[in-house]
Amino acid sequence: MKARHSRYAKYGYIFSIPFAAAFVIFSLYPTLYTAIIGFTDLQGIGTTEFHFLKDPFLNFRTILTSPTFQTAFCNTVKIWVLNFIPQLFLALLLAAWFTDRRFRVPGEGIFKVLFYMPNIITAATIAILFNALFGYPMGPVNDVLTRIGIFSAPYNFLVNKNIAQDIVIFIQTWMWYGYTMIILISGILGINPEIFEAAEVDGASGWQTFWLVTLPNIKTILLYTMITSLIGGLNMFDIPKLFLMGGPDNATLTTGVFIYNQAFSGAYMYNRAAAASMIMFVIIVLASILLFWLLRDRDEEALKKLQRKREKEMRRACRVGRKAEEAEK
Amino acid sequence: MKRSHTMKKTIIFIICIILSILSILPFLIMIVNSTRSTVEIQQHALSLIPSGYLASNFKVLVGKSFNPLVGFMNSLIISVLTTILATYFSTLTAYVLVIYEWKLRDALYRFILAVMMIPAQITMIGFYQMVYKVHMTNHLSMLILPAIASPAMVFYMRQYMIPALNKEIVQSARIDGAREFYIFNRIVLPIMKPAIATQAIFCFVSSWNNLFTPLVLLTDQRKYTLPIMVSLLRGDIYKTEYGAVYLGLTLTALPLIIAYLCLSRYIVAGVALGSVKG
């Protein structure tokens, strides 16, 4: 048996070469290279030569103390949090309705398709579309508001810091709640129906069932959604970049846009952009570790533990048996 | 009891209708305005009645360096090849993790789990410098080849393959004298078709929509992808050409909307199976 395995084992190495090679060239090397650039003086368009700085952490310190980076980081976290809360709330509500066993919402299938649709459209297109929709003086939103008499004159939404940020938050929620809803629906459908039947027999109300049965059972999926959304949110780029180029007054500047602007405009400060990337990298790795830890297979772990325990007992039993045999002799 | 149920159902239905309108309306305005003249849009930006200025909007649009056909072709080349490479090699790598018993198997799997969440964006500075050094910045291949290593997709393929692929099939094919590579291409790939189809859709869409990497690498106008073309609409040259901007947006979004509505059943089911956020 052993021999047969080793005959094919070499294919394990051969067939993983393409993946390994592509990963090393296009992921690992750029990652290390980015990390190295963070410690150098690499600046200026078209520059590839660099020297290590005397003070290795200069770029990191510059970035961490830069008010623009701090604003960008706060914006990113704020936009993510404020988009994720309504997104999750809406997705949970819809998922609960669409999986309710006592009634079916007519047109459920069509609703799901429509709610998910914004997610599939190019984010670049959506950003510029919303820029046009909220245009001043004559965007469609201003047109409606002045026509029905809410505003007497068109309002320039896009120069108001808070409103600009709110629109970005709205776009993010609008693009992602359908996705989150579908994930949660599949999670709820994966729960053993007998649990719901038992709750029904016990006379639980719809609200109680949702709160005490559904939610605890989709805990893992909720965490998964949350952390993938967090990682996506920390890299938010397309919408803030094209909606208002980070403005007005840096109100929609995210770390993704900050890094891009540092490296590919103005003074082309690759080194600072690299340092900022690495700071975000560390934050994302920490989030990933958290995800990995939360999604670990608890059943398998428990099984392994049990197996080890049993083996130990078996060995002890054998020892005892042997000793008894020897004693008999 | 009965009445409160009907009430609840009605409220839910109304909320769903409102959300649906919210999903459709921006795109509807976009499509309708792409047929209206700039003057019409300036008078009333919101209208649901199409007008007859599609052709003249198109002339303005194309007259200012916006070449949707070039963008469309480049995006198509990149997305198709990316999808083929990513699905093929991810399935192959998953196969390696499922079938062969070799020393580094568990290490590779754990490694893939660890790196699958790391977004490409974070390492872009190093990637750009590397590509720039070898003078490949305007080569589409630099946007395609990285797809060979798609850790998240390998993870998904492995999850699908474990219950779907019977090891005895592989064993009996070996006894019949089939080579390993042949077994993978002729026996394993067909078994994996449903998973490949699901992943192909998402891979295609995320590659089609990708803005960041092409924006960093491509400087040659002839190599621009559709999202970069779209980003040009934000520029000063289109500042007052509302009709043309809406048309440009429509040209990039409409193919996606149509494809989505045709494939929506599979896509929604695919998301439910647990795609990884791109």
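**Figure 1. His135(B), a loop residue of chain B, is exposed.** This is a predicted model. His135(B) has 8 other C-beta atoms within 10 Å. A residue counts as exposed at 12 or fewer, so His135(B) falls in that class. Where does His135(B) lie? Look in the loop between helix 6 (124-133) and helix 7 (141-144) of chain B. The backbone here has a feature to note. His135(B) is not a glycine, yet its phi is positive, at about 55°.

**Figure 2. Met245(A) is a residue with positive phi in chain A.** Its phi is about 55°, although Met245(A) is not a glycine. Find Met245(A) in the loop between helix 12 and helix 13 of chain A. Is Met245(A) buried or exposed, or in between? Count the surroundings: 15 other C-beta atoms lie within 10 Å of Met245(A). Buried needs 20 or more and exposed needs 12 or fewer, so Met245(A) is partly exposed.

**Figure 3. A cis peptide bond joins Gly247(A) and Pro248(A).** Omega for this bond is about -10°. Pro248(A) sits in the loop between helix 12 (238-244) and helix 13 (255-264) of chain A. Met245(A), from Figure 2, is also found in the loop between helix 12 and helix 13.

**Figure 4. The peptide bond from Tyr136(A) to Pro137(A) is cis.** Its omega is near 0°. Which loop holds Pro137(A)? The loop runs between helix 6 (123-133) and helix 7 (140-147) of chain A.

**Figure 5. Leu46(B) has contacts in both chains.** Leu46(B) belongs to the loop between helix 2 (38-43) and helix 3 (54-63) of chain B. Set aside its neighbours within four places in sequence. Leu46(B) then contacts Pro140(A), Asp143(A) and Val144(A) in chain A, and Ile29(B) in chain B. Ile29(B) is 17 residues away along the chain. In space, the C-alpha atoms of Leu46(B) and Ile29(B) are separated by 6.8 Å. How many C-beta neighbours does Leu46(B) have inside 10 Å? There are 19, and Leu46(B) counts as partly exposed. Buried starts at 20, which is why Leu46(B) is not in that class.

**Figure 6. Chain B touches chain A.** The contact involves 72 residues of chain B and 74 residues of chain A. Which helix gives the largest share of chain B's side? Helix 1 (residues 2-33) of chain B does, with 13 residues. The side of chain B that touches chain A divides into 51 nonpolar, 14 polar and seven charged residues.

**Figure 7. Helix 14 of chain B has a kink.** The kink is about 75° and is centred on Leu263(B). Helix 14 covers residues 242-272 of chain B. Now compare spans. A straight helix of 31 residues would reach 45 Å, at 1.5 Å a residue. Helix 14 spans only 38 Å between its end C-alpha atoms.

**Figure 8. Chain A has 15 helices and zero strands.** Its C-alpha trace spans about 105 × 70 × 35 Å along the principal axes. The radius of gyration of chain A is 28 Å, whereas a compact globule of 329 residues would have one near 20 Å. Buried residues make up 40% of the 329 residues in chain A. Take the contacts in chain A with a separation of 6 or more: 68% of them join residues 24 or more positions apart.

Definitions and conventions: Residues are numbered from 1 along each chain as its sequence is written. Chains are lettered from A and ligands numbered from 1 in the order in which they are written. This is a predicted model: local features need pLDDT of at least 70, side-chain atom pairs count only at pLDDT 80 or more; totals for chains, interfaces and linings use all residues. Two residues are in contact if their C-beta atoms, placed from the backbone, lie within 7 Å. Helices (H or I, at least four residues) and strands (E, at least two) are DSSP runs, numbered from the N terminus. Ala, Val, Leu, Ile, Met, Phe, Trp, Tyr, Cys and Pro count as nonpolar, Asp, Glu, Lys and Arg as charged, and the others, Gly among them, as polar. The radius of gyration is taken over C-alpha atoms; the globule rule is 2.2 Å times the number of residues to the power 0.38. The expected span of a helix is 1.5 Å times one less than its number of residues. The bend at a residue is the angle between axes fitted to the seven residues ending there and the seven starting there.
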